[in-house]
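Please open the model in your viewer and keep the selection panel at hand. The tour proceeds from one selection to the next.

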Amino acid sequence: MKWQVFALVLALFVSSAIAPAFAKEIEVPGDSNGDKIVSADEVAAAEKLANDGKLSTDELQEIKHIHEKYPINITDSADRTVTIYKPVERIISQGTYAHEAICLLNAQDRLSAVTNTAQRVYGFIPGIKEKPQVGEYREIDYEKVIENRPDVYIIGSNTTLPDVEKKLEPLGTAVVVLGFSKMNMFEKEFRALARLLEEDEKVEEYLGWREGYLKMIQEKTEYISQKPRVYVEYSDLPWKTPINSEVTTMAGGFNIASPLSKTTTTSSVEVSPEWVMTQNPEVIVIPAFLDYAPTDLTGYHLNSTDNAEKFIADMSNRTGWADIDAVKDSRVYVLDGETGASCRGVVGVCYCAKWFYPEIFKDLNPDEINREYFEKWLGASYEGIWAYPPAS
């Protein structure tokens, strides 16, 4: 037992003496043999140290907690098994959408730093504007990341994974891929994040709230044979349309670009004005992203729909568009892009369902659902412009 006590003391002092930026191995409190796992013998050694006054009660409890709960394995969005060896106290997310999920799990205090992008998009999340910055999400300042010593670094896709892992290797940081950009991946990603953070309390309640609306909309629309033909175009990318628009299809619409999946492997494609007019969509939905659009059409900071109204008018006045059914029937809509992903995707589905089937969903109030989401789940006041024209 003496050698275990000595080893544990040595491990504790060494871990505090080495600067985190130069530590190549994860240092787990209580782990004296370097295998990153706290065994029963190592817990016993820690208890002896505590009895001798060489370890505080809090330190002992942390070691016991790690022994009982860790390591934790999660499967990320790239189907990688990522092992977490100790409680995650410091997070940085390069991916923007993950910030909303972190907030919903009451873990925003563990954000050691954020991107400038996240501060603009999620300025309503309490405390996010006061966090240190690590650059734009596409232009990360890795020196700043290393300064803020994350235990976990979240990225939105595995495209840059090898490069990110190499840059953060000196920290021993776990790099996790969690995109939160696809509706059909959300539950898996949300559960993985909750497990990683040991924040499981709200998971089932939130997923039940989300699934309640999605199931209700599906049940009312899945057997409709003639679904409205929907054209989706990003506000900042004229003629660019997604091949798979989950929010509009889950709301019971038919994405006119979906057949193009047979001729392309890309997630979106540029189409011609003639193609759109030939397809003659009955509904047009314009996702507007705060971080992309040349003019803000939606967002927490807006209190006027003037920009969205003008954008719709300009789009409707495109050459030849006067003959498109969606324009003739005034069914051109602006939808905030953030409502189409992450935790808020269900809100986007509710807006679209109301626009597509106003009679079927006459009792559905997307604005109130959005308000409930902000106030109940994010703990933020409900403000801003999120959809136009109103869908309530």
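Begin by selecting Val152 and Ala174; in this predicted model, Val152 stands opposite Ala174 of strand β7. Extend the selection to the strands themselves: β6 (residues 152-155) and β7 pair in the parallel sense, over 4 bridges.

Next, display the whole sheet to which these strands belong. It is an open sheet of 3 strands in the order β3-β6-β7, with parallel pairing. The edge positions are taken by β3 (91-93) and β7 (174-177); each has a single partner strand, so one side of each is left without a neighbour in the sheet. From one strand to the next, the twist averages 20°. Now add helix α7 (residues 161-168), which packs on this sheet and touches β6 and β7. The direction of α7 makes about 160° with that of β7.

Move on to the other sheet by selecting Val230, which stands opposite Val283 in β12. Strand β8 (residues 229-232) and strand β12 (residues 283-288) pair in the parallel sense over 3 bridges. Which strands complete the order of this open sheet? Its 5 strands run β10-β8-β12-β13-β14, and the pairing is mixed. Here β10 (254-255) and β14 (387-388) stand at the edges with a single partner strand each, so one side of each lacks a neighbour in the sheet.

Two helices should now be shown against this sheet. Helix α12 (residues 306-316) lies across β12, β13 (332-336) and β14, and runs at about 135° to β13. Helix α14 packs on the sheet as well, touching β8, β12, β13 and β14; its direction makes about 170° with that of β13.

Keep α14 (residues 345-356) selected and add helix α9 (residues 203-221): their axes come within 10 Å and cross at roughly 25°. With the cut-off for this description at under 35 degrees, α9 and α14 are therefore roughly parallel to each other. The crossing of α9 past α14 is left-handed. To see the contact, show the side chains of Tyr206, Trp209, Arg210, Tyr213, Leu214 and Ile217 on α9, together with Val346, Val349, Cys350 and Ala353 on α14. By class, this contact of α9 with α14 has 9 nonpolar residues, no polar ones and 1 charged residue.

Finally, colour the chain by pLDDT. The average is 91, and 93% of the residues score at least 70. Over residues 1-23, however, pLDDT stays under 50, and the model has 36 contacts beyond four places in sequence for this segment. Where pLDDT is low, predicted coordinates should not be read in detail.

Definitions and conventions: Residues numbered from 1 in each chain as written. Predicted model: local features only at pLDDT ≥ 70, side-chain atom pairs only at ≥ 80, totals over all residues. Heavy atoms only, no water. Axes fitted to C-alpha atoms, helices over the stretch in contact; angles between N-to-C directions. Parallel < 35°, antiparallel > 145°, perpendicular 65-115°, else oblique. Left-handed = near helix turned anticlockwise from the far one by under 90°. Contact = heavy atoms within 4.5 Å. Nonpolar A, V, L, I, M, F, W, Y, C, P; charged D, E, K, R; others polar. pLDDT = per-residue confidence, 0-100. Pairing = 2+ DSSP bridges.
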